[in-house]
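Thanks, everyone, for making the time this morning. I would like to walk through one structure with you, beginning with how far it can be trusted and then turning to its strands and helices.

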Amino acid sequence: EEQVTLQQLAAKMSLKATDVLMKLLSMGMTGVNINSTLDADTAKILASEFGWTVEDVAVSEEQSLTAATEVSGESEEGSEARPAIVTVMGHVDHGKTSLLDRIRKASVADGEAGGITQHIGAYRVETPRGTVAFLDTPGHEAFTAMRARGASVTDIVILVVAADDGVMPQTREAISHAQAGKVPIVVAVNKIDKPAADAEKIMRDLSSLGLQPEEWGGETQFVHVSAKTGQGIDRLLESVQLVAEIQELKANPKKRASGTVIEALLDRGRGPVARIMVQDGTLRTGDVLLAGSAWGKVRALTDEMGRSVAEAGPSTPVEVLGLNEVPSAGDPVHSVKDGKTAEEIAETRRKKAKTLIPQDSRVSLEALTRNLQ
Ligand code: GTP
Ligand code: MG
């Protein structure tokens, strides 16, 4: 069996077992301690949280325990700066999509059904200080899982709070997702153009939730913006880039691609369609791709504008055709060396599907945030 204890895994990564345990708990696993046995999938996901790669996810029956869970350090060679992945979160109607529209100078909000965001939109935007990949998320309470996913693939969260409204349930929920993932938050106090806007109140309320404004001696940047007039948008982008620069985000475009499924669906004409965020490496048409328990040869790649592309590098959202089934949002994505390996891993995962972490973490994040409300 391909298993390793939490303590063994921590030792391989030269980390304290308690730190690894904390991470596992923050990912939503319950009932674990440092002596718990992890299956290969869990070990792999956990290790990747610390920037390590577990070699050979192939976990075929004949492979030994060590081969399945062997950990090797991420090679620094060939790694270079990559764009930040920024997720926009906040309560329903506080202006997340409008803000992104402003940033993109497009108008997605007008085209959305009823103006309510139904899925995660993903875009790359050229800002004066470089490229940023943005993820929009819905604020409606029904979409907790999408917000949890948004927070799990991101480097920075922009927390949008309407200045004429205040801190609401999904504002708190967004904060808890970001904190669970140890993701820095930049606060966008939006709708500052409105007569009823009270930015001070927002700052006070968020302070009491642990987000202290810099101007009050804290560590969180608050930017007053209006998606309507465009006020403060430049400053918001600057703040985001400042936080990104501190993180020194790196990826290696020469590696095989890895990333996360943002959303997926079955299209009548095109078959399974997966929108993924490439987080490391480069994905190309013709690559063999594994996405959760789905796999296939990449037949076509499409960017966020619907244009066909030959490849997608780090921090790039891309739509993929060619998988044999529809993966689940949140599934890890890996380009693997051949179809046989991919099929084996997919099969193993299908058998283990019930115990995979992403499912568990979604459920318990939901439970967690229910408790906070
Ligand atoms: P969900 O995706 O449903 O959670 O909403 P959202 O946060 O994306 O809000 P959206 O951008 O759809 O905006 C909600 C409403 O607020 C729309 O009618 C916008 O026109 C309006 N709005 C957004 N930003 C501003 C702003 O800065 N000022 C004013 N006055 N109205 C705004
Ligand atoms: Mg929206």
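The mean pLDDT of the protein is 82, and 82% of its residues reach 70 or more; please keep in mind throughout that this is a predicted model. Over residues 56–75, however, the pLDDT is below 50, although this stretch still has 43 contacts in the model beyond near neighbours in sequence. A second stretch, residues 354–373, also stays under 50, and for these residues the model has 37 contacts beyond four places in sequence. Where pLDDT is low, the predicted coordinates should not be read in detail, so I will leave those contacts as they stand. For the complex, the predictor gives an ipTM of 0.99 and a pTM of 0.75.

Let me turn to the open sheet. In what order do its 6 strands run? Going across, the order is β7-β8-β6-β9-β10-β11, and the pairing is mixed. At the edges are β7, residues 121–127, and β11, residues 222–224, each of which pairs on one side only. From one strand to the next, the twist averages 25 degrees.

Within this sheet, β6, residues 84–90, and β9, residues 156–162, pair in the parallel sense over 5 bridges, and if you look at Gly90, you will find that its bridge partner in β9 is Val160. Helix α8, residues 169–180, packs on the sheet and touches β6, β9 and β10, the last of these being residues 185–190, with the direction of the helix making about 170 degrees with that of β9. Helix α10, residues 233–247, lies across β6, β7, β8, β9, β10 and β11, where β8 is residues 130–136, and this helix runs at about 150 degrees to β9.

Now for the hairpin. How many residues lie between β13 and β14? There are 3 between them, and the two strands, β13 at residues 258–267 and β14 at residues 271–280, run antiparallel and are joined by 9 bridges. Within that pairing, Glu263 of β13 stands opposite Arg275 in β14.

Strand β13 also has a further partner to consider, since 3 bridges join β13 to β22, residues 332–336, and these two strands likewise run antiparallel. Here the residue to look for is Ser258, whose bridge partner in β22 is His334.

Notes:
Residues numbered from 1 in each chain as written. Chains lettered and ligands numbered in written order. Predicted model: local features only at pLDDT ≥ 70, side-chain atom pairs only at ≥ 80, totals over all residues. Heavy atoms only, no water. Pairing = 2+ DSSP bridges. Helix = DSSP H or I, 4+ residues; strand = E, 2+ residues; numbered from the N terminus. Axes fitted to C-alpha atoms, helices over the stretch in contact; angles between N-to-C directions. Contact = heavy atoms within 4.5 Å. pLDDT = per-residue confidence, 0-100.
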